[in-house]
Amino acid sequence: MAAPGAGSPSRLVQYVVVRTDLLHQLSWPLGAVITQACHAATAAVHLHYGDPDTQRYLAELDSMHKVVLGVSERAASTSYGNTAPDEAALSSLSDALTQAGVAHKLWIEEPEHIPTCLALKPCPKDSVQQLLRKFKLFK
């Protein structure tokens with residue numbers, strides 16, 4: 001007898017990573033921060049609409065799985081110049097995802113040109129977990 005789930009595709013997840021400083025240090029309203037995450041998630045799905053994983057994710061409309069993580073980098077010994085530490089950490093994550101070939105959308109709020117969050121296209125959880133393991137659930 002096969003193990004449960006054997007041969008079945010792994011669970012698809014859409015990860016959204018949001019800067020925590022927008023809420024906690026910069027005092028953005030909670031609704032504005034949630035809106036940024038919604039923009040990024042929608043844009044990632046739109047940009048990768050034809051991808052087989054995205055299509056399978058959308059086909060399971062009533063069981064979509066999203067995980068919202070917070071990016072917070074406050075290393076006192078690190079100088080970021082005019083860039084907020086959380087912004088630098090978000091950009092660094094985007095670079096790492098790009099290097100690893102992980103499709104995502106870095107959302108930049110305009111006209112202020114502020115990177116606020118990023119969203120990965122829906123993908124198997126185990127394919128990206130290693131890249132996201134240091135981030136905690138957004139609070």
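**Cysteines, cores and a buried threonine**

In this predicted model, the sulfur of cysteine 38 has its closest cysteine sulfur in cysteine 117, at 9.1 Å, which is too far for a bond. A disulfide is a covalent bond between the sulfur atoms of two cysteines, and a pair is counted here when the two sulfur atoms lie within 2.5 Å. In keeping with the spacing of 9.1 Å for cysteine 38, a search of the whole structure returns zero disulfides. The surroundings of the cysteines were also examined: cysteine 38 is partly exposed, with a relative accessible area of 44%, whereas cysteine 123 is buried, with a relative accessible area of 6%.

The protein contains five helices and six strands, which are arranged along the sequence in the pattern β-α-α-α-β-α-β-β-β-α-β. Of its 139 residues, 35% count as buried, and the accessible surface comes to about 8,200 Å², with 57% of this area belonging to carbon and sulfur atoms. When contacts are restricted to residues at least 6 apart in sequence, 71% of them join residues at least 24 apart.

The largest nonpolar core comprises 17 residues, and those with the most contacts inside it are Tyr15, Val17, Leu120 and Leu132. Two or more residues are given to this core by each of strand 1 (12-19), strand 2 (66-71), helix 4 (85-99), strand 4 (114-120) and helix 5 (125-132), and the largest share, four residues, comes from helix 4. For leucine 132, once its neighbours within four places in sequence are left aside, the contacts are with Tyr15, Val17, Leu69, Leu93 and Leu120. Apart from this core lies another, of eleven residues, among them Val16, Val18, Cys117 and Ala119; cysteine 117, the residue whose sulfur is closest to that of cysteine 38, is thus placed in this second set.

Threonine 116 is located in strand 4 and, at 0% relative accessibility, counts as buried, because the threshold for that class is under 20%. The side chain of threonine 116 makes a polar contact of 2.9 Å with the side chain of glutamine 36. Beyond its neighbours within four places in sequence, threonine 116 is in contact with Val18, Arg19, Leu22, Trp28, Gln36, Leu90, Trp107 and Glu109. Among these partners of threonine 116 is Val18, a residue that also belongs to the core of eleven residues.

Conventions: Residues numbered from 1 in each chain as written. Predicted model: local features only at pLDDT ≥ 70, side-chain atom pairs only at ≥ 80, totals over all residues. Heavy atoms only, no water. Core = buried A, V, L, I, M, F, W, Y, C linked by side-chain atoms within 4.5 Å. Buried < 20%, exposed > 50% of the residue type's maximum accessible area, 1.4 Å probe, protein only. Contact = heavy atoms within 4.5 Å. Areas by Shrake-Rupley, 256 points an atom, 1.4 Å probe, with all protein chains shown as cover. Polar contact = N/O pair within 3.5 Å; in protein donor to acceptor, adjacent residues only side chain to side chain.
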